[in-house]
Amino acid sequence: MNNMNREGAAASVPSESEVTERVETLLGRMSLAEKVGQLTQVGGADFIPGPRPEEIIRSGGAGSVLWLNDTKRFNALQKIAVEESPSRIPLLFALDVIHGYRTIFPVPLAMASSWDPSVVERAQAVAAKEARAAGLHWTFGPMIDIARDARWGRIVEGAGEDPYLGSAMAAAQVRGFQGPYPGAPEHLIACAKHFAGYGAADGGRDYDPVFLPEAQLRNIYFPPFQAAVNAGVGTFMSAYMDLNNVPASGNRWLLSDILRDEWGFQGFVVSDAFAVGNLVIQGFARNGRDAAFRALSSGLNMDMASSTYLQNLAGLVEDGMLEEAALDMAVWPILALKVRMGLFEQPYIDETLLEQVVALPEHRQEARLAAQRSMVLLHNEGGLLPLPKTLQNIAVIGPLADSKEATEGSWMVFGHQPAAVTVLQGIRAKLPQARVEYASGPEIRRDFPSPFEDFDTENKKPSQTPEEANAAFQAAVETARRADLVIMVLGENAEMAGEAASRSSLDLPGRQEELLKEVVELDKPVVLVLLNGRPLSIVWAAEHVPAILEAWEPGSEGGNAVADILFGDANPGGKLPVTFPRNASHEPLYYARTLTHMPEDSPMYVSRYWDSPTKPLYPFGFGLSYTTFSITNLRISESQVKAGQAVSVAADVTNTGQVAGDEVVQLYIHQKAGSDSRPMRELKGFERITLQPDEAKTVTFQLGPTELSYWSTKAGGWIQDAADFDIWVGADSNAALHTDLTVIS
Ligand code: NOJ
């Protein structure tokens with residue numbers, strides 16, 4: 001198909017009036033059935049029952065295809081759409097490109113740990129460039145659900161617990177995926193998901209109902225979505241679950257009142273997969289017809305994969321239940337996007353493009369940098385890390401040490417062949433002269449298989465028998481015994497976090513902790529590298545293992561990045577975007593709680609639990625470095641301001657150690673009294689800076705009405721109270737450097 005128009009090659013962007021004119025012309029000549037088609041997204045994968053996509057597309061019954069990752073087939077299906085379907089409207093090809101297409105970046109939770117929006121933006125730009133070169137137009141990302149319960153498997157896909165950090169990451173991802181506008185060449189249309197509240201599932205159980213008061217939604221769960229709208233995101237995805245007893249995919253308040261009327265979103269909303277049909281299963285809609293009616297009238301434009309629109313919308317219009325104008329309104333932004341993208345002029349993709357794009361060396365370099373910047377040093381007793389490159393005899397132990405799947409993490413695009421540099425490979429490449437012995441120890445596995453296991457190769461291997469597991473355990477201990485230093489690579493495999501991957505425990509799965517204990521007993525220096533997609537309960541390790549590096553699921557270059565950090569070629573500077581609880585039963589646990597009548601630091605109430613300290617194992621915003629920093633001289637431009645005015649807050653940061661390093665300077669506020677109780681701390685500013693030894697920099701933050709306002713339950717709206725505030729600046733959410741601010745009316 002080389003002679004076909006090459007999509008993405010210098011196309012001119014049509015003006016808004018041209019777009020309007022062309023959309024209106026198209027709508028004028030489309031039949032009712034074709035309009036319904038544009039509101040329908042069909043699955044291209046073989047596991048989807050029902051008619052083949054070719055058939056549906058030929059009859060004009062699809063506006064978009066998902067779950068297909070095959071450049072040749074994209075062109076073949078597009079040819080049917082533009083040459084054989086009645087209105088000849090090109091298709092949008094959509095897929096979950098979450099943290100990389102061929103070059104895999106750290107999982108989103110890891111990227112948020114970088115506290116570096118520029119690195120995240122560049123990562124998603126690379127992902128978009130590769131995916132677009134494969135023929136995709138649209139990704140179902142970023143996932144920007146706030147998650148405060150690590151049992152919820154999808155915490156791996158988001159930016160953690162905080163709305164301020166989450167908003168910065170949401171906007172950065174939208175900019176990276178989309179470039180200058182939705183549909184720009186070499187980019188993907190982004191999709192902010194899952195609107196809204198999905199991360200607050202009861203008990204952390206995926207898909208379970210969510211009950212959130214409006215103040216929580218407005219102050220905590222909505223901000224990243226509004227940030228995505230402000231960054232120009234092209235599409236939204238409605239969430240699966242019930243929000244306060246109204247499923248998000250049939251929720252007019254969410255999809256119309258908030259999203260369109262309040263925030264001015266101009267793009268379109270796609271449901272989550274099968275969610276329109278599932279309104280019946282959820283006990284909300286009476287039948288498919290009712291489901292289609294309620295979803296469309298709530299503001300949901302496109303039905304992902306359930307065919308409920310395809311089967312019911314035309315009938316609803318013919319029976320007078322829906323106005324055809326309502327369908328036109330729903331189709332409008334979909335057609336507008338296709339026009340803006342230039343798809344009518346250049347519907348096809350050059351089938352040779354992808355291999356040229358993925359070969360660009362900067363893609364791998366960006367992946368390595370993103371992985372280095374995402375890692376969080378949790379513990380480093382006696383400065384065990386960085387390790388000397390003169391080490392001659394190392395053991396690398398653990399079920400994830402040589403696992404490409406675990407290194408790349410959850411949410412690979414369809415058909416992706418894991419190709420990551422594993423931690424073992426990264427260490428061997430770093431120390432080519434040393435003896436680096438490896439043993440996996442017993443395997444780890446989910447107790448209940450993942451519903452997505454069919455796509456996964458790793459889990460298809462037959463399980464180890466107990467005898468094989470024992471032998472693997474002993475072999476690992478013996479391998480460790482022969483070494484001078486042991487690097488344990490433990491955590492969760494890729495299937496253990498993500499969709500339908502909630503857990504009731506946050507312990508290291510399987511026999512990993514038992515193995516860690518045996519190895520620590522050998523009395524050798526031990527470094528623990530964690531590969532995982534959620535906070536884990538590692539209390540024993542924190543007390544007994546001198547060095548712990550949270551590497552998350554670091555992507556294609558993960559093993560190299562781990563080795564860079566372990567051997568001092570990169571200095572860790574990531575910070576936790578989520579609280580590490582001591583125990584799963586403490587969840588949800590997050591730093592921005594409100595005060596109580598009996599604060600936890602009051603002498604008689606040391607802990608809320610009588611059997612365990614409530615204090616987190618590691619607080620939000622925490623992370624160490626190979627150097628040390630001092631943060632001093634906190635000052636505020638004015639200690640009293642009128643509501644509506646801004647102050648600047650500055651502090652001096654000095655690298656007081658021996659090597660260059662990064663500090664993430666964080667600003668927290670607390671409003672002491674007002675219309676509502678406010679969280680005891682809220683992040684309202686951060687900056688990651690690099691300092692050479694002895695170098696000092698001043699970091700300055702602005703605090704204005706945006707940072708000092710909130711949505712008040714008492715007032716039933718956004719307000720800025722006249723109130724006293726605590727301000728802290730420091731290196732994590734326990735920052736102690738303090739000043740005061742008074743806002744007067
Ligand atoms: C279901 C997931 O919830 C959503 O995040 C994803 O984008 C769709 N499936 C499509 O794969």
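A polar contact is a pair of N or O atoms within 3.5 Å. Keep that cut-off in mind for the ligand views below, and remember that this is a predicted model.

**View 1. Three side chains make polar contacts with the ligand.**
Start at Trp-67, where an N or O atom of the side chain sits 3.0 Å from an oxygen atom of the ligand. Next comes His-194, with a polar side-chain atom 2.6 Å from a ligand oxygen. Then look at Asp-272: an N or O atom in its side chain is 2.5 Å from an oxygen atom of the ligand. How much of the ligand's accessible area does the protein cover? On its own the ligand has 300 Å² of accessible area, and the protein covers 97% of it.

**View 2. A shell of 13 residues surrounds the ligand.**
Which of these residues come nearest? They are Asp-96, Arg-154, Lys-193, His-194 and Asp-272. His-194 and Asp-272 were already met in the previous view, through their distances of 2.6 Å and 2.5 Å to ligand oxygen atoms. Sorted by type, the shell has seven nonpolar residues, one polar residue and five charged ones.

**View 3. The second largest pocket has a volume of about 860 Å³.**
Rolling a probe the size of a water molecule over the atoms reveals where empty space remains. The lining of this pocket is made of 29 residues. Nearest its centre you will find Arg-593, Glu-600, Lys-615, Pro-616 and Met-680. What kinds of residue make up the lining? There are 13 nonpolar, nine polar and seven charged residues.

**View 4. Two cis peptide bonds, each leading into a proline.**
One of these bonds joins Gly-141 to Pro-142, with omega about 10°. Pro-142 belongs to the loop that runs between strand S4 (138–139) and helix H7 (163–178). Another cis bond links Glu-587 and Pro-588, and here omega is about -5°. Pro-588 lies in the loop between helix H22 (558–566) and strand S17 (629–636).

**View 5. Ser-307 has a positive phi.**
This residue is not a glycine, yet its phi is about 60°. Where is Ser-307 placed? Look in the loop between strand S10 (303–304) and helix H13 (308–318).

**View 6. Stepping back to the whole protein.**
Zooming out, you can follow 23 helices and 26 strands. The C-alpha trace spans about 75 × 65 × 50 Å along its principal axes. A compact globule of 745 residues would have a radius of gyration near 27 Å, so the protein's 26 Å agrees with that expectation.

Note on methods: Residues are numbered from 1 along each chain as its sequence is written. This is a predicted model: local features need pLDDT of at least 70, side-chain atom pairs count only at pLDDT 80 or more; totals for chains, interfaces and linings use all residues. Side-chain values use heavy atoms; hydrogens and water are left out. On a 1 Å grid over the protein atoms alone, a cavity is a set of points where a 1.4 Å probe fits but cannot get out, and a pocket is an open set with protein on both sides within 12 Å along at least five of seven lines; lining residues have an atom within 4 Å of a point. Grid points are joined across faces, edges and corners, and a volume is the space filled by probe spheres set on the points. Ala, Val, Leu, Ile, Met, Phe, Trp, Tyr, Cys and Pro count as nonpolar, Asp, Glu, Lys and Arg as charged, and the others, Gly among them, as polar. A residue is near a molecule or strand if one of its heavy atoms lies within 4 Å of it. A polar contact is a pair of N or O atoms within 3.5 Å; within protein, one must be able to donate a hydrogen and the other to accept it, and residues adjacent in sequence count only if both atoms are side-chain atoms. Accessible areas come from the Shrake-Rupley method with a 1.4 Å probe; for residues, only the protein chains shown count as cover. Helices (H or I, at least four residues) and strands (E, at least two) are DSSP runs, numbered from the N terminus. The radius of gyration is taken over C-alpha atoms; the globule rule is 2.2 Å times the number of residues to the power 0.38.
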